[in-house]
Structures are given as structure tokens and as C-alpha cells.
Amino acid sequence: MLRNIGIKLSRMQLKVRIFRSQVLNDQTFAILVLMALFTTFITTPIVMAVYKPARKGKPYKNRKIQRQDLDSELRVLACFHSTRNIPTLINLIESSRGTRKKGQLCIYAMHLMELSERSSAISMIHKARKNGLPFWNKKPGDQNQMVIAFEAYQQLRSVVIRPMTAISPLNSIHEDICTSADRKRAALIIMPFHKHQRVDGTMESLGHSFHLVNQRVLRHAPCSVGILVDRGLGGTTQVVASEVSYSVVVPFFGSQDDREALAYGMRMAEHPGIKLTLLKFTPKPETALNPPKADMGAESKKDNEIFSEFLNLSKSSESVKHEAIAMGSREDVIAALRSMSNSTLFLVGRTSPAMPLSDRSSDCPELGHVGSYLASSDFSTTSSILVIQQYDPSINAMEKPLDDINEASNKTMSNGV
């Protein structure tokens, strides 16, 4: 300690000698001080300008599929882990492109890659930042197949597809996803389910880290989110438009997430190869399947509005129909869903209904009760499911600190909701 004090005193004496010998005059000293202050204050703006993820995107209004202006462009950020997800993703895009000349579909296809300590991953990041553009590996392999698949589809259809890559640790990759969605003004983020179906029909998990990624995206997304349970939508290959023949089912219990799912289904119904069926569940007077809500009147009004739009669509299209189902217990719901078990795709609202449809507790709260039941191998092994959560600015956590997500996720899992 005494030695350190002696060194500091020696340095102070040296500085005094420098000033006494007039090596630095008052004017030079003042300039150096001003330069130090200038560099201190200019550092933050320069870093924010160079490091783009530090900047927020411009505000935009079309953060949901359900909107007033149906002719506005629908932008979707579709994420995938590997080539296994691409055929289903392209078939879903084909089913969603609609027929409007103005309301076209724009897809940002984001390949999610885990950042590791391997030199290959580090070199990819250096190349990506050097080019300043989304990077795709030029070596032959999966990367080329991904680009070729999307580019080939884009040339055949009036859909804009822009490939992207997110290379981050899995515990923070949701930040790249949400930031990209906000910057690209996306109305929907499609995330792959963290489980894939094996040959025997059982669901195999990719890992708990992938599970947490979906939960974080649901919490922080700046727009609506869809979790896609892939069971081979349209088969294992891309289906041409003339061969598309899908039956899409929307179970409707009445909530903002159900309205978002129905809005997406109505857009898909514009495709000539899509048959849309709405299962409208209504509680029997003597039962209370759903708990009462304070804003039930406002929610019921919104449900009636979109149902009226659906009825108008069904009058002009023979491929659109609906069934009214009175439910008094969960057995009524299960029976109605099982009658549609051969359907190609289910569009499900995440928050409907309040009653679980299975005696076993679900380990996938991000799917909701209906989605968890449909995703079980007991229900079907051929029907894909898209569980949709509508963007709600009152509960969106994008502006909140991202560090508390682990605690929130663990609390959610422990409560089993």
C-alpha cells in the first residue's frame, strides 16, 4: 500500500513539474479537457448509430392480422430451425397469400442459429457484419437449400420473401427476433414448436432452451405471435397452388386470440384450395365453462362483429361454413374437435377456453388448453396446429427489461398456466 501511495505521489510531482516547465500551457490544457468531454458525450450517439439493434424501430399500427384496412400489406416474420420446417412453412405461406392485388403478403424468413464457440459460427458473424446484410453461408449444404427453396417459391408466386439469419445464444435470440419484427413492421411472428413429431407419432423435444425461446417471444413480441406445431402440412414437399387442398378448422370460443385466429382463417379462405370451417362454441345457460370477465360486454361485441364478417364471407363462398355447438362440459368440446381430427390445419386462439381439456397437466403453457390438447398424440398425428396470440399493447413486455424473463417463465411453468 505504501508503495502505491509513493507511486501516486511521484506521478503527481511529475505532473507539477510538467506544468511548471510549461510543457502544456493553459490553452492546450483547455483544449485537451474539451476533447475529453466531447468524446465522452459523443460516444453514446455513435454507438447507437453503428450498433443498430440498440435503436428502436419506428412505430407502426398494423401489428395484428385483424385490421380495418384489409388491402394493406401483411408482413410476417417466419422463423425456422432447419430444413425440416421449410416445406410446411412454404405451404402455410402459399395458403396465406390471399387474392387481393393490394393486400399482398411479405415474408421475412429467419433462420434461427445458435451461437456457439466454434470458429465456424464466429467467422459467420464476422462476415455478416462486414457485409452489413443478412448472411447466408456460401458453402454447399443446408444453407443453399434454404435459399433456393424460398427463391424458387418467390418466382412462382406474388409473394415477397426475404431470407434472414439470426445468430445468437438461445437465451437472448428472442431479442433479435422481436427487434427484427419491430424493424420490419411485422404483423405476425411464426415460431416453430420446440417439439417435432417422430415416425411413431410421438412428440420429441428439441430441448428446454428452444422451449424458453418461444415463451420469451410470446412475452416480448411487438406484434401477434403464432406457434406452429408441424405435422407435415401438405406433406414433406412443397405443394403447387393447383394441388393445394387443405381443410382448415377454427375453434371459436370468444376472445381476442380467437378473433385473431379467425381473421387469419378468413384470409386463408381466399385461396381456392382452402376449405374453412368455424366451430362456434356457445356455453349452455346452465353452465359456466368460461369464468365471467369485467369487460364481457365489450368482448362479446367484438366477437359478434368478426362473426358477422365471417357470415358475409360464407354467403359468397361455398368453401366456408360454420357449425354452432352448445357446450355444457369439456366432453362436448372434445367430441366436436375429434369430429374434425382429419383436418389439415387447426387455427387456435391461445387463451381459449378457460377449462383444460385433459386430465394431465400440460408442460406447454404457450399452446393454451385447446392447443395443448390438439398437439397431443392422443388427438391426431396428421393435423398441424397454429396457436395464435393477438398483440395486446397493455400486456406487451417489449419495453420492459428483458432480464426478468427467466423468473417470469419459471413462475409460469410452476403455476401450470
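**Exercise 1. The packing of helices α6 and α7**

Task: In this predicted model, describe how helix α6 packs with helix α7, and state which residues meet.

Solution.
Step 1. Two packed helices are described by the angle between their axes and by the distance between those axes.
Step 2. Helix α6 covers residues 173-183 and helix α7 covers residues 208-220. The two pack at an angle of about 40°, and their axes are 9 Å apart.
Step 3. The handedness of the crossing of α6 and α7 is right-handed.
Step 4. On the α6 side, the residues in the contact are Ile 173, His 174, Ile 177 and Cys 178. They meet Val 213, Arg 216, Val 217 and His 220 of α7.
Step 5. By class, the residues of this contact comprise 5 nonpolar, 2 polar and 1 charged.
Step 6. An α-helix has 3.6 residues a turn, so residues three or four places apart point the same way.

**Exercise 2. The buried residues of α6**

Task: Determine which residues of α6 are buried and which elements are included in what covers them.

Solution.
Step 1. A residue counts as buried when its relative accessible area is under 20%.
Step 2. In α6, the buried residues are Ile 173, His 174, Ile 177, Cys 178, Ser 180, Ala 181 and Asp 182.
Step 3. The elements covering these residues include the strands β1, β2, β3 (159-168) and β4, together with helix α7.

**Exercise 3. The residues on either side of α6**

Task: Locate Ser 172 and Arg 185, and state how exposed each residue is.

Solution.
Step 1. Ser 172 lies in the loop between β3 and α6. Because its relative accessibility is 21%, Ser 172 counts as partly exposed.
Step 2. Ser 172 and Arg 216 are 44 residues apart along the chain, and their C-alpha atoms are separated by 9.1 Å.
Step 3. Arg 185 follows α6 and belongs to the loop between α6 and β4. Arg 185 counts as partly exposed because its relative accessibility is 33%.
Step 4. Most residues other than glycine have a negative phi. Arg 185 is not a glycine, yet it has a positive phi of about 60°.

**Exercise 4. The largest cavity**

Task: Give the volume of the largest cavity and describe its lining.

Solution.
Step 1. Rolling a probe the size of a water molecule over the atoms shows where empty space is left.
Step 2. The structure holds 1 cavity of 30 Å³ or more, and the volume of the largest cavity is about 60 Å³.
Step 3. The residues that line the largest cavity are Val 76, Ala 78, Leu 89, Leu 92, Ile 93, Ser 96, Leu 105, Ile 107, Leu 188, Ile 190 and Tyr 264.
Step 4. At least two lining residues come from each of β1 (74-80), α3 (86-96), β2 (105-114) and β4 (188-192). Helix α3 gives the most, with 4 residues.
Step 5. The lining consists of 10 nonpolar residues and 1 polar residue, with no charged residues.

**Exercise 5. The enclosure of helix α11**

Task: Explain why helix α11 is described as largely enclosed by the rest of the structure.

Solution.
Step 1. Helix α11 spans residues 368-375, and 7 of its 8 residues are buried, so it is largely enclosed by the rest of the structure.
Step 2. The buried residues are Gly 368, Val 370, Gly 371, Ser 372, Tyr 373, Leu 374 and Ala 375.
Step 3. These residues pack against the strands β6 (203-205), β7 (224-229), β11 (345-349) and β12 (384-389), and against helix α10 (330-338).

**Exercise 6. Two residues and their partners in space**

Task: For Pro 163 and His 271, state the location, the degree of burial and one C-alpha distance.

Solution.
Step 1. Pro 163 is in strand β3 and, with a relative accessible area of 21%, is partly exposed.
Step 2. From Pro 163 to Ala 109 the C-alpha distance is 4.7 Å, although 54 residues separate them in sequence.
Step 3. His 271 occupies the loop between α8 (256-268) and β9 (274-283). Because its relative accessible area is 3%, His 271 is buried.
Step 4. His 271 and Ser 245 lie 26 residues apart in sequence, with a C-alpha to C-alpha distance of 9.6 Å.

**Exercise 7. The chain as a whole**

Task: Summarise the secondary structure, burial and contacts of the protein chain.

Solution.
Step 1. The protein chain has 12 helices and 12 strands.
Step 2. Of its 417 residues, 44% are buried.
Step 3. Among contacts with a separation of 6 or more, 81% are between residues 24 or more positions apart.

How values were computed
Residues numbered from 1 in each chain as written. Predicted model: local features only at pLDDT ≥ 70, side-chain atom pairs only at ≥ 80, totals over all residues. Heavy atoms only, no water. Axes fitted to C-alpha atoms, helices over the stretch in contact; angles between N-to-C directions. Left-handed = near helix turned anticlockwise from the far one by under 90°. Contact = heavy atoms within 4.5 Å. Nonpolar A, V, L, I, M, F, W, Y, C, P; charged D, E, K, R; others polar. 1 Å grid on protein atoms, 1.4 Å probe; cavity = no way out; pocket = protein on both sides within 12 Å on 5 of 7 lines; lining within 4 Å. Points joined across faces, edges and corners; volume = space filled by probe spheres on them. Buried < 20%, exposed > 50% of the residue type's maximum accessible area, 1.4 Å probe, protein only.
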